[in-house]
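Q: Got a minute to walk me through this one? I'd like the overall picture before I get to the ligand.

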Amino acid sequence: MTDPAIVLQGVACTFVSKDNPGQRYTAVQDVDLTVGAGEFVSVVGPTGCGKSTLLNVAAGLLAPSVGSVSIFGEPLSGINRRAGYMFQAESLMPWRTALANVMAGLQFRGAPELEARAQAQEWLARVGLAEFGDRYPHQMSGGMRKRASLAQTLVLDPDIILMDEPFSALDIQTRQLMENEVLDLWHAKKKAVLFITHDLDEAIAMSDRVVVLSAGPASHPMGEFAIDLPRPRDVAEVKTQPRFLELHAAIWAELRGEVLKGYAQQLKKA
Ligand SMILES: Nc1ncnc2c1ncn2[C@@H]1O[C@H](COP(=O)(O)OP(=O)(O)OP(=O)(O)O)[C@@H](O)[C@H]1O
């Protein structure tokens with residue numbers, strides 16, 4: 001049997017408090033989270049509860065204060081080299097063309113120029129940018145830049161893809177196109193995906209499993225829902241299915257109270 005792609009066990013992350021530097025703030029605590037090989041798991045939760053913190057732990061960008069992380073059965077220390085990332089912020093280098101941006105990771109790995117160019121070109125074509133390899137980021141729309149970022153991540157053929165609200169800045173139509181494309185690419189390659197989102201609709205439409213985090217401090221998974229909607233899915237169409245609405249109601253019943261707590265805490269801070 002294959003080891004799970006990601007296992008977080010008893011993870012806690014404590015920071016020096018931003019509001020009161022003399023104190024420590026426990027963002028997440030007692031977190032057990034598993035993503036199976038080839039599984040698509042979304043994490044939803046109220047704003048500021050610790051979703052990005054968990055993603056950073058899985059990426060190896062942040063060592064947990066307590067607990068352990070293993071990647072395909074191996075303890076993680078330092079950067080997770082089996083993972084590719086896609087964050088909300090722009091990841092393209094403005095001084096490189098789309099093609100040069102997609103090639104960059106391969107070149108850093110020491111791939112010969114011709115091979116890197118051929119693979120980057122192939123990935124640009126897969127994300128619909130075959131004709132736009134010579135464009136610089138400022139010459140592309142937001143959706144095109146996201147496509148290029150996706151190609152930049154996937155060209156490295158990671159076994160795990162970590163995504164932190166990658167499409168939240170896009171308009172709704174472009175977002176749905178990108179979500180469907182991610183699902184198609186995922187379906188073809190079956191990588192493990194850990195997907196962070198504010199958007200419960202997006203989480204249900206995309207995932208095999210949705211994990212609900214409680215409001216912080218000491219946020220932790222409080223519910224887990226298997227999404228038994230048939231695949232392949234179209235993210236717009238799937239939202240009209242009765243089963244989607246049932247799952248949405250069940251998850252929202254857990255999430256709603258936490259979202260309200262999260263808002264109340266933010267108002268207190270403000
Ligand atoms: N390096 C840090 N130093 C101090 N506090 C931090 C640090 N990183 C995160 N935090 C705090 O930990 C909590 C969780 O942050 P995190 O960004 O993981 O939440 P989130 O759920 O991703 O938020 P959002 O939904 O707004 O994107 C927040 O209260 C944040 O202020």
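A: Sure, let's go from the overall fold to the core and then the ligand.

A: Keep in mind that this is a predicted model.

Q: OK, how many helices and strands are there in the protein?

A: Eight helices and 10 strands. The radius of gyration is 19 Å, close to the 18 Å that the globule rule gives for 270 residues, so the protein is as compact as a globular protein of that length.

Q: And what does the C-alpha trace span along its principal axes?

A: About 50 × 45 × 45 Å.

Q: How much of the protein counts as buried?

A: 38% of the 270 residues.

Q: Which residues have the most contacts inside the largest nonpolar core?

A: Ile6, Leu8, Ala58, Val102, Ala151 and Leu162, in a core of 69 residues. Domain 1 (6–82 + 163–269) and domain 2 (83–157) each supply at least three residues to this core.

Q: What does Leu162 touch, leaving out residues up to four places away in sequence?

A: Its partners are Leu55, Ala58, Ala59, Ala83, Tyr85 and Leu194.

Q: Switching to the ligand: which residues are closest?

A: Phe15, Ala27, Lys51, Ser52 and Thr53, out of 15 that surround the ligand. β1 (6–16), β2 (24–35) and α1 (51–59) are the elements that give two or more residues to that shell.

Q: Which one gives the largest share?

A: α1, with three residues.

Q: And how does the shell break down by class?

A: Five nonpolar, eight polar and two charged residues.

Terms used: Residues numbered from 1 in each chain as written. Predicted model: local features only at pLDDT ≥ 70, side-chain atom pairs only at ≥ 80, totals over all residues. Helix = DSSP H or I, 4+ residues; strand = E, 2+ residues; numbered from the N terminus. Rg over C-alpha atoms; globule rule 2.2 N^0.38 Å. Buried ≥ 20, exposed ≤ 12 C-beta atoms within 10 Å, placed from the backbone. Core = buried A, V, L, I, M, F, W, Y, C linked by C-beta atoms within 7 Å. Domains from an automatic or database assignment. Contact = placed C-beta atoms within 7 Å. Near = placed C-beta within 6 Å. Nonpolar A, V, L, I, M, F, W, Y, C, P; charged D, E, K, R; others polar.
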